[in-house]
Amino acid sequence: MATTAAIVSSSPPETAATNAPKIPLAGKRNILITSALPYVNNVPHLGNIIGCVLSADVYARYCRNRGYNALYICGTDEYGTATETKAIEEGSSPQEICDKYHAIHKVVYEWFDISFDEFGRTSSPQQTEVCQAIFKKLLENDCFSENTMQQLYCDRCERFLADRLVEGNCPTPGCNYDCARGDQCDKCGKLLNPTELLEPKCKVCRDTPCIRDTNHLFIELPKLKDKLEEYISATSASGGWSHNAIQITNSWLREGLKPRCITRDLKWGVPVPHENFKDKVFYVWFDAPIGYVSITAGYTAEWEKWWKNPENVELYQFMGKDNVPFHTVMFPSTLLGTGESWTMMKTISVTEYLNYESGKFSKSKGVGVFGNDAKDTNIPVEVWRYYLLANRPEGSDTKFEWTDLRDKLKGELVGNLGNFINRVLKFIAKGPGEGYESAIPVGRCVDSHPPTKDFGCKVGKLVQEYVDAMEKVKLREALSKAMEISSAGNKYLEDPPYYKLYKTDEPTCALVLKTSAGVVYLLACLLEPFMPSFSVKVLTQLNWKCISLSDDLVERAKRPWEILPADHKIGIPSPLFKKMEDEDVTFYTNKFAGSQSDRKERKLKAEVAAAKKGGKSLKKEKLEKSAKTNTKHINPEDRK
């Protein structure tokens with residue numbers, strides 16, 4: 001009973017709901033976790049979510065369950081050209097755009113059960129303070145150079161035009177697209193400079209801009225090359241960087257580091273604290289990674305204990321592959337150039353691309369399923385999380401398909417995991433003569449039942465493999481190990497069938513059910529990082545309070561019959577997952593086909609057709625609906 005009591009009395013792991021800000025603790029593993037800051041000019045799609053915030057959330061939850069002192073930091077990236085462009089499109093100010101989309105992002109991530117310790121913003125006073133302080137240190141260390149660049153200038157707007165504020169004809173032979181942006185042509189895909197466009201126009205006033213010289217500051221990356229290469233060489237091996245991160249970083253190093261411009265002729269950004277550049281702001285690639293630091297500063301005044309404490313803090317960073325150079329070359333160079341003792345990234349976990357059906361997710365084109373779409377489907381959040389993580393593009397691109405979602409839900413969640421848990425708890429909950437009246441049975445001595453001992457050894461081995469995979473941030477492999485335990489549990493229940501044992505060998509049946517109930521609890525703990533809402537349901541059905549992945553529990557996983565005490569009363573079992581029908585797949589495939597603008601057009605056409613079919617014009621129908629709304633709360637007496 002002593003070992004069982006250890007679980008009963010163990011405290012729940014520290015969560016994001018803790019009131020006092022966390023700081024690094026002596027004698028503990030202090031882990032600082034960041035996910036790439038999502039840009040604030042649109043709603044995140046599923047590819048964005050799995051690429052950064054969801055993957056980081058899984059690791060943060062795992063760390064907390066292991067008892068590590070983990071801090072998960074994220075927030076919206078709010079400065080730069082894209083925000084100014086979006087503001088122009090929507091007829092708003094950049095601040096209004098940031099306020100609007102920060103709130104949208106926050107709601108989406110809350111629905112996805114993302115457990116940030118702090119979800120902040122880069123348009124904060126702390127961002128200006130930290131960013132300018134780092135700049136001044138680099139300036140003191142002679143890490144900058146000045147250079148003149150040619151940019152398009154709009155006389156009417158009285159401003160230099162950033163690449164996304166210019167449109168014109170694509171210069172690529174044979175393309176002739178007349179709405180190419182200053183950074184890229186969406187038709188042929190060629191990357192461009194604004195000055196290359198034919199017949200360029202200012203996106204704001206439509207006037208033709210002229211070319212002017214403008215001075216900018218550059219960070220001298222070649223000067224920092226030796227320190228950077230030393231850091232990369234040591235850390236990429238000891239930190240277990242993902243293969244794609246190493247490949248992308250080495251590619252940049254092979255091409256040779258060049259001075260990199262860090263300023264822009266914009267209004268919306270962190271002002272450059274330099275007399276010669278006071279009308280400019282920092283370029284977003286320089287400014288955004290510093291957001292991790294400033295958001296932490298917004299979380300706790302003792303932020304330096306996390307960010308200037310390399311001996312006691314491990315930094316883990318999660319992102320998609322397009323963000324790698326900014327985190328393995330640019331940001332480390334910035335920190336190294338200050339000459340200060342910063343907490344440098346230890347481990348980087350990088351995803352490839354999650355594609356959508358036969359095409360690609362696209363924020364700009366509105367293609368795919370977006371975070372708010374997932375919420376509106378009525379498919380439970382645990383199903384979304386499971387599917388995205390089981391399909392996480394770790395080594396190569398993967399694809400989101402509605403038929404695959406249906407198949408994984410049916411075969412893996414309903415048929416395997418949900419089936420095992422429901423069979424175990426439902427049988428224990430049966431009344432006298434059929435089950436154990438909702439009490440964990442006592443069971444016979446395990447030494448006289450080799451199949452249970454063998455099953456325990458298998459479970460213990462899989463749990464250790466799960467832990468090893470999670471420590472290496474191999475999330476998909478760890479999820480697979482947990483599901484293997486459930487699959488092994490289903491086989492254990494059938495060899496021989498537990499319901500037959502109840503009638504022929506009740507003591508053995510009691511041992512099988514007590515062991516299986518312990519595995520149900522183990523699965524709730526192992527899968528909590530992946531599907532927290534699922535684990536809450538399982539704990540409720542077990543009538544158990546605590547999630548833990550302590551060393552003690554990991555060690556005793558090979559003896560699952562010891563995990564839950566005999567005579568413990570469980571809750572009320574119920575199915576944990578529901579199948580998706582073929583008609584659901586057809587409905588969602590059609591609903592999310594094409595772009596968001598295509599969907600709006602289809603919806604409008606359907607409304608018009610429905611209104612005509614009913615013998616009413618759409619305008620008349622809306623007028624009647626409005627009239628009903630306006631009279632809904634009027635007292636009948638007031639109508640006389």
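## Exercises on strand 13 and a helix pair

In this predicted model, strand 13 (residues 313-320) is largely enclosed by the rest of the structure, because eight of its eight residues are buried.

**Exercise 1.** Determine which residues of strand 13 point one way and which point the other way.

*Solution.* In a regular strand the side chains alternate between the two faces of the sheet. Applied here, Val313, Leu315, Gln317 and Met319 point one way from strand 13, while Glu314, Tyr316, Phe318 and Gly320 point the other way. The residues of both sets are buried, that is, under 20% relative accessible area.

**Exercise 2.** Establish which strands pair with strand 13, and in which sense.

*Solution.* Begin with strand 1 (residues 30-35), which pairs with strand 13 in the parallel sense over six bridges; within this pairing, Ser35 has Phe318 as its bridge partner in strand 13. Turn next to strand 14 (residues 345-351), which runs parallel to strand 13 and is joined to it by six bridges, with Ile348 in strand 14 as the bridge partner of Gln317. Finally, follow the chain from strand 13 through helix 12 (residues 324-338) to strand 14, a β-α-β crossover that is right-handed.

**Exercise 3.** Describe how helix 3 (residues 53-66) packs with helix 16 (residues 450-471).

*Solution.* Two packed helices are described by the angle between their axes and the distance between the axes. For helix 3 and helix 16 the angle is about 125° and the axes are 11 Å apart, which means that helix 3 is oblique to helix 16. The crossing is left-handed, and the contact brings Val58, Tyr59, Tyr62 and Arg66 of helix 3 to Tyr466, Val467, Met470 and Glu471 of helix 16.

Technical notes
Residues are numbered from 1 along each chain as its sequence is written. This is a predicted model: local features need pLDDT of at least 70, side-chain atom pairs count only at pLDDT 80 or more; totals for chains, interfaces and linings use all residues. Side-chain values use heavy atoms; hydrogens and water are left out. Buried means under 20% relative accessible area, exposed over 50%, partly exposed in between (1.4 Å probe, protein chains only). Helices (H or I, at least four residues) and strands (E, at least two) are DSSP runs, numbered from the N terminus. Two strands pair if DSSP finds at least two bridges between them. A crossover is right-handed if, with the strands pointing away from the viewer, the path from the first strand over the helix to the second runs clockwise. Axes are lines fitted to C-alpha atoms, for helices over the stretch in contact, and angles run from 0 to 180 degrees between N-to-C directions. Angles under 35 degrees count as roughly parallel, over 145 as roughly antiparallel, 65 to 115 as roughly perpendicular and the rest as oblique. A crossing is left-handed if the near helix is turned anticlockwise from the far one by less than a right angle, and right-handed if clockwise. Contact means heavy atoms within 4.5 Å.
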